[in-house]
Amino acid sequence: MSCWDTVQAYAFRSLGYGERLLPRDDFTICQQVTLIGSGMFWNIYFGLLALLAGFFLANLVAVAKAAQNPWLRKPADWFILIFRGSPLFIQFFLAYFLFLNLKQSTGGFDWLTSAWAGALIVLFLNTSAYSAEIFYGALRSVPKGEVEAADAYGMAGWTRFRRVVWPTMLRLAWPAYTNEAIFLFHATTLVFFSGFPAFQQKGDALYYANYFADKTFNPFVPYPIVAGYFILLTLTVIALFGLVNRYLNRHLPQEHRRKLRYRPQIIR
């Protein structure tokens with residue numbers, strides 16, 4: 001089988017298209033690159049949906065944490081504490097245990113024990129908590145002068161928040177939020193180690209990398225391929241978030257615009 005035939009057979013295997021069976025012997029670099037790349041579709045799925053949904057929840061939690069009303073502030077504090085205070089790896093296992101018990105006790109909710117749904121929920125809640133803390137810090141850092149200027153223009157309540165406070169909060173938080181987005185995509189590799197099973201051998205990038213490492217007894221080929229794919233994904237995230245950052249700072253002079261800096265989080 002030529003490399004082009006391999007790409008046609010396995011490029012979309014993780015999505016259920018192409019060859020059903022994985023290669024059993026005579027493993028080639030082309031097979032490993034193609035199948036691991038196929039698994040990246042799931043990593044992008046987990047990261048992208050968790051990021052999009054988490055952005056909106058994070059904004060709500062950040063505003064609730066900054067509220068004077070304790071009925072809003074305390075739940076937001078506890079939500080952030082629980083998901084920032086416990087390891088993501090443990091959250092996967094606890095969530096799978098809870099979803100499995102829910103499935104057994106009700107006879108339904110089978111979809112929650114699948115990786116495409118259950119693992120996505122965990123990533124969504126986790127990134128929401130981390131992002132909420134970032135947005136909360138930015139919300140507290142909004143210059144009082146801008147708020148006073150909005151008051152002078154007659155803005156109040158929702159209008160002031162939408163037109164002045166929220167855009168400034170996003171502008172201040174965006175560099176740190178970019179790093180959170182990068183870490184979220186990296187954290188999708190933990191889905192492979194969680195209790196959530198891959199359906200019909202259709203797993204993520206690490207699933208296929210582990211398969212080749214077990215079959216060839218050589219982890220120094222598949223795992224660097226995974227790293228290469230994630231480096232490309234990281235560069236893509238930095239480029240896209242950089243465009244948003246430029247848009248948020250478009251009104252500022254060039255020398256005052258905040259630049260994105262990738263700062264990897266070693267311990268989380």
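**From phenylalanine 83 to the nonpolar core**

In this predicted model, phenylalanine 83 is in contact with Gln91, Leu125, Asn126, Ala129 and Tyr130, once its neighbours within four places in sequence are left aside. Phenylalanine 83 belongs to helix H3, which covers residues 70–85. One of its partners, tyrosine 130, stands 47 residues apart from phenylalanine 83 along the chain, and yet the C-alpha atoms of the two are separated by 7.8 Å. Phenylalanine 83 counts as buried because its relative accessible area is 17%, which is under the 20% cut-off.

The view can now be widened to the largest nonpolar core, which holds 62 residues and in which Phe92, Leu123 and Phe135 touch the most other members. Among the elements that give two or more residues to this core are helix H2 (29–65), H3, helix H4 (88–106), helix H5 (115–140) and helix H7 (157–187). The most is given by H5, with 12 residues. In soluble globular proteins, nonpolar side chains tend to be buried together.

Phenylalanine 135 can be followed further through its contacts, which, apart from neighbours within four places in sequence, are Phe55, Ala58, Asn59, Ala62, Met169, Leu170, Ala173 and Tyr177.

Helix H7 also holds threonine 168. This threonine 168 is buried because its relative accessible area is 6%, again under 20%. A polar atom of the threonine 168 side chain lies 2.9 Å from the backbone oxygen of valine 164, while threonine 168 also touches Val142, Pro143 and Glu146, when residues up to four places away in sequence are not counted.

How values were computed. Residues numbered from 1 in each chain as written. Predicted model: local features only at pLDDT ≥ 70, side-chain atom pairs only at ≥ 80, totals over all residues. Heavy atoms only, no water. Helix = DSSP H or I, 4+ residues; strand = E, 2+ residues; numbered from the N terminus. Buried < 20%, exposed > 50% of the residue type's maximum accessible area, 1.4 Å probe, protein only. Contact = heavy atoms within 4.5 Å. Core = buried A, V, L, I, M, F, W, Y, C linked by side-chain atoms within 4.5 Å. Polar contact = N/O pair within 3.5 Å; in protein donor to acceptor, adjacent residues only side chain to side chain.
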